[in-house]
Amino acid sequence: MNKKFLTVAILLAVSIIAARGDETPSEQCSGQNYEDLRERIQVQPCGMLRCKLRKGTNTTVVFKFKPDHEIKQLTNDVYAVIAGLPLPFVGVAGVSACAQIKYADSGEPAPCPLAADKEYIYTNSFHIEKFYPQVPLRVHWGLNDGNTDIMCFEIPAVIAK
């Protein structure tokens, strides 16, 4: 293999990794298909392969979404899947998400109800409790209107000291 080709290949690989370095390693929920999902989601702190949720710290989740119908109420559906069992995140799961929504174009608060075909930004920080077990897991993060998922994704993660 010639040196020029190898150098170009390495530079290309580094460029791709650097360009995608700010994407959260998210996946569609079963049965869902949201356009450009990885570009719409940011979890902090998060690595390229999985998010490291440190005990005693806060994790922030930010994502854009555009409902296709009017949303009167919006509820957080957030849980960890550990060994196949869904375990809700304390203080987040089942709580209204309306206070965490802003208009994407202005950044102003967007109280519920939310209009159809308008883009919104959801931001929420939650505490990683010290009593959470140190294990690898999948975090399921969804917003629903009582019956329907408005936005839903899952991320690979690990809870660490």
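This note goes through salt bridges in a predicted model, point by point.

1. Side chains of opposite charge can pair when their charged atoms come close. Counting a salt bridge where a side-chain nitrogen of Lys or Arg lies within 4 Å of a carboxyl oxygen of Asp or Glu, one arrives at five salt bridges in this model.

2. One of these joins the side chains of Glu-27 and Arg-138, with a distance of 2.8 Å from N to O. Because Glu-27 belongs to strand S1 (residues 27–28) and Arg-138 to strand S9 (residues 136–144), this pair ties together parts that are 111 residues apart in sequence. Glu-27 is partly exposed, at 37% relative accessibility, and Arg-138 is also partly exposed, its relative accessible area being 26%.

3. Arg-138 takes part in a further salt bridge, with Glu-154, where N and O are 3.3 Å apart. Here Glu-154 sits in strand S10 (residues 149–160) and Arg-138 in strand S9, so that the pair links distant parts of the chain, 16 residues apart. Glu-154 has a relative accessible area of 17% and is therefore buried, given that buried means under 20%. Taken together, Glu-27, Arg-138 and Glu-154 form a network of salt bridges.

4. Another salt bridge is made by Lys-118 and Asp-105, whose closest N and O atoms are 3.5 Å apart. Both residues lie in the loop between strand S7 (101–103) and strand S8 (120–127), at a separation of 13 residues. Lys-118 is partly exposed, with a relative accessible area of 30%, whereas Asp-105, at 61%, is exposed.

Terms used:
Residues are numbered from 1 along each chain as its sequence is written. This is a predicted model: local features need pLDDT of at least 70, side-chain atom pairs count only at pLDDT 80 or more; totals for chains, interfaces and linings use all residues. Side-chain values use heavy atoms; hydrogens and water are left out. Helices (H or I, at least four residues) and strands (E, at least two) are DSSP runs, numbered from the N terminus. Buried means under 20% relative accessible area, exposed over 50%, partly exposed in between (1.4 Å probe, protein chains only).
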